[in-house]
Amino acid sequence: QIVSEDYVRDATTKHSDGGPPVNAGYGYQWWVGSTNPYSFFATGRNGQVIYIVPTENLVLTVSADYHPWESQKYFRDVLVPAAAKLSHSPLCAAQFD
């Protein structure tokens, strides 16, 4: 393990109200709980997103050219429910070239 469990817990805890464009709380380089109170995510340039829901043992990544704040509805309404229906945990559910 590279960083301690305590650091990860602290980094993914809301330390400020964050704000636009995603209107979520902010920890240490992580946006916190905008679509699920137990989730956190990181965003990068042009829609690069890492979305984590520890209670579901779920990590989703998206690499696309769109705005990350628009992806929150997609994560909440499409990806998370689809992942919950899987009977196993695939390494990669889908890859689009």
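pLDDT is the predictor's confidence in each residue, on a scale from 0 to 100. The model here is a predicted one, so that score is a handy place to start. Averaged over the protein, pLDDT comes out at 77, and 75% of the residues reach at least 70. Confidence isn't spread evenly: helix 1 has the highest mean, at 92, while helix 2 has the lowest, at 71. Where pLDDT is low, the predicted coordinates shouldn't be read in detail.

On to the overall layout. The protein has two helices and six strands, and reading from the N terminus the order is α-β-β-β-β-β-β-α. Of its 97 residues, 29% count as buried. The accessible surface adds up to about 6900 Å², and carbon and sulfur atoms account for 54% of that. Among contacts with a separation of 6 or more, 11% involve residues 24 or more positions apart.

What sits inside? The largest nonpolar core is made of twelve residues, including Val 22, Ala 24, Trp 31, Phe 41, Leu 60 and Phe 75. Strand 5 (49-53), strand 6 (58-62) and helix 2 (68-84) each put at least two residues into this core.

Trp 30 is worth a look of its own. This residue belongs to the loop between strand 2 (24-26) and strand 3 (31-32). With a relative accessible area of 21%, Trp 30 counts as partly exposed, because buried would mean under 20%. Leaving out residues up to four places away in sequence, Trp 30 touches Ala 11, Thr 12, Gly 25, Phe 40, Phe 41, Ala 42, Ile 50 and Ile 52. There's also Thr 43, 13 residues away along the chain, whose C-alpha atom is 8.1 Å from that of Trp 30.

Gln 29 can be found in that loop too, between strand 2 and strand 3. Most residues other than glycine have a negative phi. Gln 29, though, has a positive one, near 70°. Its relative accessibility is 62%, so Gln 29 counts as exposed, the cut-off being over 50%.

Out on the surface, Ile 2, Val 3, Tyr 7, Val 8 and Tyr 28 form a nonpolar patch, with about 510 Å² of accessible area together. One of these residues, Val 3, lies in the segment before helix 1 (5-11). Val 3 is partly exposed, at 40% relative accessibility.

Then there are the charged pairs. Side chains of opposite charge can pair when their charged atoms come close. The structure holds three salt bridges. Arg 9 takes part in a bridge with Glu 5, where the closest N and O atoms are 3.0 Å apart, and in another with Asp 6, at 2.9 Å. Together, Glu 5, Asp 6 and Arg 9 are linked in a network. Helix 1 holds both pairs: Glu 5 and Arg 9 are four residues apart, about one turn of the helix, and Asp 6 and Arg 9 are three residues apart, again about one turn. Glu 5 is exposed at 54% relative accessibility and Asp 6 is exposed at 53%, whereas Arg 9 is partly exposed at 44%.

Another salt bridge joins Lys 14 to Asp 17, with the closest N and O atoms 3.1 Å apart. In this pair, Lys 14 is partly exposed at 48% relative accessibility, while Asp 17 is exposed at 61%.

Key:
Residues numbered from 1 in each chain as written. Predicted model: local features only at pLDDT ≥ 70, side-chain atom pairs only at ≥ 80, totals over all residues. Heavy atoms only, no water. Buried < 20%, exposed > 50% of the residue type's maximum accessible area, 1.4 Å probe, protein only. Contact = heavy atoms within 4.5 Å. Core = buried A, V, L, I, M, F, W, Y, C linked by side-chain atoms within 4.5 Å. Patch = residues over 30% accessible without salt bridge, like charges linked within 9 Å, V, L, I, M, F, W, Y side chains within 5 Å. Areas by Shrake-Rupley, 256 points an atom, 1.4 Å probe, with all protein chains shown as cover. Salt bridge = Lys/Arg side-chain N within 4 Å of Asp/Glu carboxyl O.
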